[in-house]
Structure formats: structure tokens, C-alpha cells
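This report walks through selected parts of the structure shown below, taking one residue or element at a time and then following its contacts.

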Amino acid sequence: MQQFHATTIVAVRRGPGDVCIGGDGQVTMGETSIMKYSAKKVRKIYKNSVLTGFAGSVADAFTLTERFEKKLEEHGGNLKRAAVGLAQDWRSDKAIRHLEALMLAADQENILLISGNGEVIEPDQDFVAIGSGGNYAYAAANALFNHTDMSAEEVVREALHIAASICVYTNDHITVEKL
């Protein structure tokens, strides 16, 4: 799997009605310069019924998000079918084959990780994290999800704050979207 710096995205699902995705706001140029601290890397798409978040190149992520929304429209909002369709296109379409990003997508029933390698991964538990601070946020989300009664939003926010305190490519300017 590809490694991307300069962001952390976390998705948590506590059940229908408690689904949340969040990300930090840092955009890093190269290894040493913070270019922006308040970027929004998460959003609602497809009639406000699907949450997405991305790690990687911002321009590439916008392209992929637009294509993903078209796939959702083609498949009547079916998240899994749209994700598989996007992953197939991403891998085979010469125009987007080399886009460098990872995407998380969530609806009321599912959380999926979509990659340019053609992978669509449904995590074993109802949380996942990607990006340079992803491992830190994942560990925090794991502990919070499994050992507290915190809501999905509370787990996302706290996992991102913990990652920001450890990862130099993650800041604490957090944006959260929820269903």
C-alpha cells in the first residue's frame, strides 16, 4: 500500500445514525514546510448520505471524489458497488491510474478504504484511519472505540488530537462530518 504524508483521516461508525469522518487541516509542501493549516479533507457527497476523506495529493483527491460521486449516482447510492467501480477505473483508466491518494468512504452501514491499487477494504471493526498519522489515530480510535462509550464523533476528534500530538504531518485543526 502506498504511503502518503501530510494528513490524517479517521472514520468511525457506532451504528446507524452515528457515523463520522474527520481529518486534520495540515498541507505540507515537501518535508519541511507547512503551506496551509486549515484545509478541509473530508466532505459529504451523494445527497449528504456518504462521507469521504482523503490522504494524498489534494488535486488527485478532488478528481477521485468527483468520479466517486458519479459512481454513486450510477449505482443508486450503493457504496460498495460504487467503490468497486471507482477502484476498477482507478486501476485501469490511463487518465487517473497514477493519481496518488487514498480515500475513506462511509455511509450508514459501511466504512471502506479505496486505493489506486484496486483495493476496496472493509475494516474488521467499525473504525479505520489513513495518512501519515493514520497509525497513531488508528491506535487511539481502537482504544477509545473498544473501551469507552464515546460517540463516533468523540472518538474521531480525540483520535485526531492524539495523532496531532505525535505526528509532525498532522495538526489539530480538525474538520468533522457526520451522518
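In this predicted model, Asn 110 is buried, with a relative accessible area of 12%, a value that falls under the 20% limit used for that word. Asn 110 sits in the loop between β7 (101-106) and β8 (111-115). Once its neighbours within four places in sequence are set aside, the residues in contact with Asn 110 are Arg 13, Leu 79, Lys 80, Ala 105 and Glu 122.

**Strand β1 and its partners**

One of those contacts, Arg 13, leads to strand β1, in which Arg 13 lies. The strand is mostly covered, since six of its six residues are buried. This holds for both faces: Thr 8, Val 10 and Val 12 are buried on one side, and Ile 9, Ala 11 and Arg 13 are buried on the other. Strand β1 pairs with β10 (residues 127-131) in the antiparallel sense over five bridges, and in that pairing Val 12 has Phe 127 as its bridge partner. Strand β1 is also joined to β2 by five bridges, and these two strands run antiparallel; here the bridge partner of Ile 9 is Gly 23. The hairpin of β1 and β2 has five residues between the strands, and within this hairpin Gly 15 takes a positive phi near 130 degrees.

**Salt bridges**

Side chains of opposite charge can pair when their charged atoms come close. With a limit of 4 Å between the nitrogen and the carboxyl oxygen, the count comes to eight salt bridges, among them the three listed here.

| Pair | N to O distance |
|---|---|
| Arg 13 and Asp 126 | 3.2 Å |
| Lys 71 and Glu 74 | 3.7 Å |
| Glu 153 and Lys 178 | 2.9 Å |

The side chains of Arg 13 and Asp 126 meet at 3.2 Å. Because Arg 13 belongs to strand β1 while Asp 126 belongs to the loop between β9 (120-121) and β10, this pair ties together parts that are 113 residues apart in sequence. Arg 13 is buried, with a relative accessible area of 12%, whereas Asp 126, at 31% relative accessibility, counts as partly exposed.

Lys 71 and Glu 74 are three residues apart in helix α1 (residues 58-74), and they are therefore separated by about one helical turn. Lys 71 counts as buried at 13% relative accessibility, while Glu 74 counts as exposed at 56%.

The side chains of Glu 153 and Lys 178 form a salt bridge at 2.9 Å. This pair links distant parts of the chain, with Glu 153 in helix α4 and Lys 178 in strand β11, 25 residues apart. Lys 178 counts as partly exposed at 45% relative accessibility. In addition, salt bridges that share partners join Lys 71, Glu 74 and Asp 89 into one network.

**Helix α4**

The helix that holds Glu 153 can be checked for its length. At 1.5 Å a residue, the 13 residues of α4 (residues 152-164) should span 18 Å, and its end C-alpha atoms are 18 Å apart, which agrees. Its buried residues are Ala 152, Glu 153, Val 155, Val 156, Ala 159, Leu 160 and Ala 163. Seen down the helix axis, these buried residues fall within an arc of 165 degrees, so they line one face of α4. The elements that cover them include β1 (8-13), β2 (19-23), α3 (134-147) and β11 (175-178).

Terms used: Residues numbered from 1 in each chain as written. Predicted model: local features only at pLDDT ≥ 70, side-chain atom pairs only at ≥ 80, totals over all residues. Heavy atoms only, no water. Helix = DSSP H or I, 4+ residues; strand = E, 2+ residues; numbered from the N terminus. Expected span 1.5 Å × (residues − 1). Buried < 20%, exposed > 50% of the residue type's maximum accessible area, 1.4 Å probe, protein only. Arc of directions from axis to C-beta. Contact = heavy atoms within 4.5 Å. Pairing = 2+ DSSP bridges.
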